[in-house]
Amino acid sequence: QTGFSAGTVTLTDGSITGTADKFSEGTFSLAGSKKLTMGAGTFGGAAIDGAGLVDFNGAITLSGSTITNTGVNTITASNTLTLGGAATLTNITNSGTLALAGNVLTINGATASSIGGTITAAANGGITVNGASTALTWDPSVQTGFSAGTVTLTDGSITGTADKFSE
């Protein structure tokens, strides 16, 4: 794909499936309950907006991406989403692995988010919850190296049991 950086794909019916590296440029707009499924690879400088469903399905790295999709952004059980730089999601549901490394994931929006599964972070890595209506349920089954990471609440709420805040 050459020269697609100025292009826009608008999905009003059906679904799009492809490896993440094929979504490296342009804008992907998802209408209603339409679904974008991304397989393994690096998701580069593209933007995803709309109110559809985004399924991170494979070992995916977000690098310079803007995802303002207000629908459901999901990392399913056997999959990994790695941040290759700071990223913003309007909401997220994680039952797979969320690897922050030294990067910050900002969660905005009025839709409830959930961090389950596995979460890893390194120094300077973390999660920022930002939005008056943003609600995050913190319930990771495994927190590896997260003692170096931070969770920042600038607005909204975080819910979880005390044992989940032990690192």
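Biologist: Taking buried to mean under 20% relative accessible area, how many of the five residues of strand β4 are buried?

Modeller: In this predicted model, strand β4 covers residues 35-39. The strand is largely enclosed by the rest of the structure, because the number of its five residues that count as buried is four.

Biologist: Which strand do four bridges join to β4, and which residue there is the bridge partner of L36?

Modeller: The strand joined to β4 by four bridges is β7, residues 53-56, and the two run parallel. Within β7, the residue that serves as bridge partner of L36 is V54.

Biologist: Is D55 buried or exposed?

Modeller: D55 is a residue of strand β7, and once neighbours within four places in sequence are left aside, its contacts are K35, L36, T37, M38, T74 and T76. Since the cut-off for burial is under 20% relative accessible area, and the relative accessibility of D55 is 12%, this residue counts as buried.

Biologist: Which side chains of strand β8 point to one face and are buried?

Modeller: In a regular strand the side chains alternate between the two faces of the sheet. Strand β8, residues 59-62, shows such an alternation, with A59 and T61 pointing to one face and not buried, while the side chains that point to the other face and are buried are those of I60 and L62.

Biologist: Which residues are the bridge partners of T61 in strands β5 and β11?

Modeller: Strand β5, residues 41-43, is joined to β8 by three bridges and runs parallel to it, and in this pairing T61 is matched with T42. β8 also pairs in the parallel sense with strand β11, residues 80-83, over four bridges. The partners of T61 are therefore, by these DSSP bridges, T42 in the first pairing and, in β11, T82.

Biologist: Which members of the largest nonpolar core touch the most other members?

Modeller: In soluble globular proteins, nonpolar side chains tend to be buried together. The largest nonpolar core here holds 29 residues. One of its members, L98, is in contact with residues including I75, L81, I92, I115 and I119, leaving aside its neighbours within four places in sequence. The members that touch the most others are I48, F56, L98, L105 and I127.

Biologist: What percentage of the chain's residues count as buried?

Modeller: The chain contains zero helices and 22 strands, and it exposes about 7,000 Å², of which carbon and sulfur atoms supply 52%. Of its 167 residues, the share that counts as buried is 43%.

Methods. Residues numbered from 1 in each chain as written. Predicted model: local features only at pLDDT ≥ 70, side-chain atom pairs only at ≥ 80, totals over all residues. Heavy atoms only, no water. Buried < 20%, exposed > 50% of the residue type's maximum accessible area, 1.4 Å probe, protein only. Areas by Shrake-Rupley, 256 points an atom, 1.4 Å probe, with all protein chains shown as cover. Contact = heavy atoms within 4.5 Å. Core = buried A, V, L, I, M, F, W, Y, C linked by side-chain atoms within 4.5 Å.
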